[in-house]
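This report describes how a ligand is held in a protein model, and then turns to the charged pairs of the protein. Please read it alongside the sequence and the coordinates.

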Amino acid sequence: MKLALVTGGVKGIGKSISITLAKEGFFVFANYSSSEDHAKRLVEVIGEDKCKLVKFDVGNREQVNASIKQIEESFGSVDVLVNNAGITKDDLLIRLSEADIERVLRVNLLGAIFCSQAVIRGMLKKRGGRIINISSIIGEIGNPGQTIYAASKAGLIGFTKSLAKELGSRNITVNAITPGYIETDMTSNLNEEIKQSMLKSIPVSRFGSGDDVAAVVKFLVSEEAGYVNGAVIPVNGGMF
Ligand code: NAP
């Protein structure tokens, strides 16, 4: 059975990705850092025979390395890594503290870098693998109040393109997805007025779901997607 590690894989977009990969026949390691209830429910949905929870903070390199080492020693090397864990701390740049800036960059950007570093050796030995980074439309177009989030997500795009060039010859592909507005906890606290004005800018006239993003992950992990490398794939209903 092939192994997939989904960071932030127990709720929102990550949950949809974990369920989709399990349906595709992967054994899924669903990572989380604090959402215990969501984590328990996910295992109930997928089943213990296809899913295991791994609790670590993606922004903590020691925890990342220790957890991935444990997975590799007990189950084997990871075939698919989805760097999905992410946070926002939205405010005007002038108001953001150093701690807030550091935390967003650490979780969103360094987290993906640490997890990728930790799985690559195993993928090289196995002569194959897939890394998928969940970036954001905000990393492409920017947004006031989201400067640091945008920087972290734009950073992920540069990271994706460079790592794709490092690893392509070893049968390891690295791609990014840039979701638009997806209905999850991350977007639930936007006020109704902003939501409605946003809806007007989405040509397909609806917000996205985790399953919309998971469908692209499903394609990227397939055999057929072997020639797709260093790509940045928008899933945004046409909101450019
Ligand atoms: P969400 O519902 O808030 O889920 C975020 C996930 O990340 C949770 O499972 C959370 O688990 C995990 N996480 C956060 N910090 C972590 C850490 N330090 N270590 C490990 N896991 C951590 O958000 P979402 O909307 O599904 O977002 C998923 C990804 O899609 C994010 O990278 C986000 O930036 C990106 N995205 C979302 C949208 C959107 O419209 N929703 C659009 C574009 C991109 P814990 O609660 O256990 O920490």
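In this predicted model, an oxygen atom of the ligand lies 2.7 Å from a polar backbone atom of N84, and an oxygen atom of the ligand is likewise placed 2.8 Å from a polar backbone atom of I182. With T184 the partner is in the side chain, where an N or O atom is 2.4 Å from an oxygen atom of the ligand. The table sets these contacts side by side.

| Residue | Partner of the ligand oxygen | Distance |
|---|---|---|
| N84 | polar backbone atom | 2.7 Å |
| I182 | polar backbone atom | 2.8 Å |
| T184 | side-chain N or O atom | 2.4 Å |

Taken alone, the ligand would expose 890 Å², of which the protein buries 94%, and the space that the ligand takes is the largest pocket.

The ligand is surrounded by 31 residues, and the closest are S33, S34, S35, Y149 and T184. By class, this shell comprises 13 nonpolar, 13 polar and 5 charged residues. At least two shell residues come from each of α1 (12-23), β2 (27-32), α4 (98-126), α6 (147-167) and α7 (185-188), and α7 gives the most, with 3 residues.

As for charged pairs, side chains of opposite charge can pair when their charged atoms come close. The structure holds 9 salt bridges, one of which joins the side chains of K55 and E36 at 2.5 Å, N to O. This pair links distant parts of the chain, given that K55 belongs to strand β3 (residues 51-55) and E36 to helix α2 (residues 36-46), with the two residues 19 residues apart.

Definitions and conventions:
Residues numbered from 1 in each chain as written. Predicted model: local features only at pLDDT ≥ 70, side-chain atom pairs only at ≥ 80, totals over all residues. Heavy atoms only, no water. Near = heavy atom within 4 Å. Polar contact = N/O pair within 3.5 Å; in protein donor to acceptor, adjacent residues only side chain to side chain. Areas by Shrake-Rupley, 256 points an atom, 1.4 Å probe, with all protein chains shown as cover. 1 Å grid on protein atoms, 1.4 Å probe; cavity = no way out; pocket = protein on both sides within 12 Å on 5 of 7 lines; lining within 4 Å. Sits in = over half its atoms within 2 Å of the grid points. Helix = DSSP H or I, 4+ residues; strand = E, 2+ residues; numbered from the N terminus. Nonpolar A, V, L, I, M, F, W, Y, C, P; charged D, E, K, R; others polar. Salt bridge = Lys/Arg side-chain N within 4 Å of Asp/Glu carboxyl O.
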